[in-house]
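Hi,

Here is the structure I said I would pass on. Have a look at it first, and then read on for what turned up when I went through it.

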Amino acid sequence: MKHYEETIAFLGQWGRFQQIVFFLLCCSTIPNGTGVLSIIFVADIPSHHCMIPEVNLTREWLSAIIPVKVVNGKEELSRCSRYRLDVVRNLSAQGYIPGRDVNLTDLEQEDCVDGWIYSKDIYQSTIVSEFDLVCSEHWKQPFTSTIYFLGVLVGSFFSGQLSDRYGRKPVFFTTMALQTMFTFCQIFSPSWMVFSILLFFGGLGQIGNYIAAYVLGTEILTGNVRVLFSSLGVCLCYAIGYMFLPLFAYFLRDWRSLLLAVSLPGLLYIPMWWFIPESPRWLLSQGREDEAEAIVRDAAKKNKVETPQVIFEDYSADEKKMLSKNEEHHTVFDLMRTSNIRATTLILCLVWFTFGIGYYGLSLNTVQLTADPYISCFISAAVEVPAYVSSWLLLQYFPRRLSVSCTMLLGGVSLYFIQLVPQTLTELSVALEMLGKFGFCTSTAMLFAYTTELYPTVLRSTAAGTCSTFSRVGSCIAPFVLQLSIYFKYLPYIILGTLGVASAITTLFLPESFGRPLPETIQQMHMRERSVGTFPAGCLLPALCQHRAQCIRRVHPHLRDGYTESPLPRA
């Protein structure tokens, strides 16, 4: 049987059909960039202190009734207590002056029984000020982010399996509709509980459409275009959406208005249903050869190329039966069935977990980088652009395993160095944190492509969803890892750095996929893992070798009919 990519080689790599699929799927990730991290502004904590009811107090007592505390070496008003109002009222009525006639440290304090006053210097409102998620209710603020990522976790786990069973396209559009609908409904939340429930389902849809779009594009596109899509296309559009987020938040400082702006663009993607096809690879794995051939013929028509009379003639009845039989029984448990696949899956789950806790931990912490959270968020988003460009170049010219390991190591080591920076050099601390995020982002962009290249068609979406699930476990923990800074300021960075270094080391034990065609069956995946070797010294950087394809075939002769060399597409 010919390999799929060799069978459809007559289409070319960068015709009108591929251009439509490429740009539409890339654009579909822009709402993900604005939506997934909107919680940064929606759930941020404004400055606040106890509300003082209208009572007859002198000006001196009005300014002194809130205790002053030292936090991180700086004095600030207490956020959760005040001096007892009845005592202060009596002292004020008797004409005592605070600090002169009365020692304030001797006065009894009480909780903010009358509520809080929130600063509006930065935000008009957030869910924290709306639902009073402070003091005794403070635990709800980081838990809100965790609830969202729990929804993303569930969506990661089930969307991959649903996509493998019912198809990439139906899951892609269904989850996009869920994301848009539930994000819009959050605007009308009357309480934190209702908001959290809607947030959970919004997260469930958010990751589902991203994974489905990623796998769909990876399976439809081929060669260098697929590398461009998986490393630069979807990731760069995600970063563009992320950079739009602080712009929206700056002009829409009420959390309800911000969520409205984030949700409505999802409606613009409804017409995409008529332009994005189902994955022919997936249809073939289901034995639906006629539908796959119809899509390829339509693609040939758009690309203005001639098609053979029978496109998939080499998909014999026996092999179609094998594919169909394999597909019937493939579930998430197949990722752990054999020692080879189990080892690959466990290593990838660790690396994806590190990505989740590292990327989202650093992203959620961006509002603390500078005094202006909008500038901080934009800096954090802008760092991702060179990271994704770097990941594309690495995927194009360097082995996957070494590239992912080195960039993950860069991210982990950079975070270690933050604790060595003097407190007066805050700019250097910010630079090291952004360098750490650069390393995590670069390795993650390659990790998406690496994961889809390692698994066969019948397990690809399930594997991507399962690995993403472990990533979301990390993202669920990330808000609480940041809270550890109250015990030791640099503890979150030490934890993230340790995980980064550990993941960099374990990645070296994964099989290499550079220059190899996507496996279609589990048998092909086993064959690849059994035959994995290292490139000879002259081929460590294949892009610099004049005979790159010949070197790869010399090391892996079984790829002679599957590996093709093609130039970069030109827009």
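Start with E110 and R82: their side chains meet in a salt bridge, with 2.8 Å from N to O. E110 sits in strand β5 (residues 109-111) and R82 in strand β4 (residues 81-83), so this pair ties together parts that are 28 residues apart in sequence. R82 is buried, with a relative accessible area of just 2%. Before you read too much into any distance, bear in mind that this is a predicted model.

How many salt bridges does a search of the whole structure find? The count is 13. Two others are worth pulling up on your screen.

One is E219 with R168, where the closest N and O atoms are 2.6 Å apart. E219 belongs to helix α10 (residues 192-220) and R168 to helix α9 (residues 168-185), so the pair ties together parts that are 51 residues apart in sequence. Are these two partners buried or exposed? E219 is buried, at 0% relative accessible area, and R168 is buried as well, also at 0%. While we are on shared contacts, R82, E110 and D114 are joined into one network by salt bridges that share partners. That puts the β4-β5 pair from the start of this email into the network, since E110 is in β5 and R82 in β4.

The other is R100 with D101, whose closest N and O atoms are 3.3 Å apart. Here R100 counts as exposed, with 63% relative accessibility, while D101 counts as partly exposed, at 37%.

Now for the empty space inside. The count comes to seven cavities of 30 Å³ or more. I looked at the second largest, which has a volume of about 220 Å³. It is lined by 22 residues, and the closest to its centre are G35, Y148, Q179, T183 and V262, if you want something to centre your view on. Which helices supply at least two residues each to that lining? They are α3 (30-36), α4 (39-42), α9, α10 and α12 (255-263). The largest share comes from α10, with five residues. So two helices you have already met turn up again: α9 and α10 carry the partners R168 and E219, and both are on the list of contributors to the lining. By class, the lining has ten nonpolar and twelve polar residues, and no charged ones.

On the outside, there is a nonpolar patch you can colour in. F184, F188, L260, L264, L267, I270, W273, W274 and F275 form it on the surface, and together they have about 960 Å² of accessible area. I270, one of the patch residues, lies in the loop between α12 and α13 (280-285).

Two phenylalanines are also worth a click, for how they sit relative to residues elsewhere in the sequence:

- F244 lies in helix α11 (residues 223-251) and counts as partly exposed, at 37% relative accessibility. F244 and P31 are 213 residues apart in sequence, yet their C-alpha atoms are 9.6 Å apart in space.
- F172 lies in helix α9 and counts as buried, at 0% relative accessibility. F172 and I207 are 35 residues apart in sequence and 9.8 Å apart in space, C-alpha to C-alpha.

Last, a bit of backbone. Most residues other than glycine have a negative phi. D132 has a positive one, near 55 degrees, and C135 has a positive phi near 55 degrees too. Where do you find D132? D132 is in the loop between α7 (127-131) and α8 (140-166), and C135 lies in the loop between α7 and α8 as well. D132 is partly exposed, with a relative accessible area of 29%, and C135 also counts as partly exposed, at 23%.

If you open only a few views, I would pick the E110 and R82 salt bridge, the second largest cavity around G35, Y148, Q179, T183 and V262, and the loop between α7 and α8 with C135.

Cheers

Technical notes:
Residues are numbered from 1 along each chain as its sequence is written. This is a predicted model: local features need pLDDT of at least 70, side-chain atom pairs count only at pLDDT 80 or more; totals for chains, interfaces and linings use all residues. Side-chain values use heavy atoms; hydrogens and water are left out. A salt bridge is a side-chain nitrogen of Lys or Arg within 4 Å of a carboxyl oxygen of Asp or Glu. Helices (H or I, at least four residues) and strands (E, at least two) are DSSP runs, numbered from the N terminus. Buried means under 20% relative accessible area, exposed over 50%, partly exposed in between (1.4 Å probe, protein chains only). On a 1 Å grid over the protein atoms alone, a cavity is a set of points where a 1.4 Å probe fits but cannot get out, and a pocket is an open set with protein on both sides within 12 Å along at least five of seven lines; lining residues have an atom within 4 Å of a point. Grid points are joined across faces, edges and corners, and a volume is the space filled by probe spheres set on the points. Ala, Val, Leu, Ile, Met, Phe, Trp, Tyr, Cys and Pro count as nonpolar, Asp, Glu, Lys and Arg as charged, and the others, Gly among them, as polar. Patches are made of residues with over 30% relative accessible area and no salt bridge: like charges are joined within 9 Å, nonpolar side chains (Val, Leu, Ile, Met, Phe, Trp, Tyr) within 5 Å. Accessible areas come from the Shrake-Rupley method with a 1.4 Å probe; for residues, only the protein chains shown count as cover.
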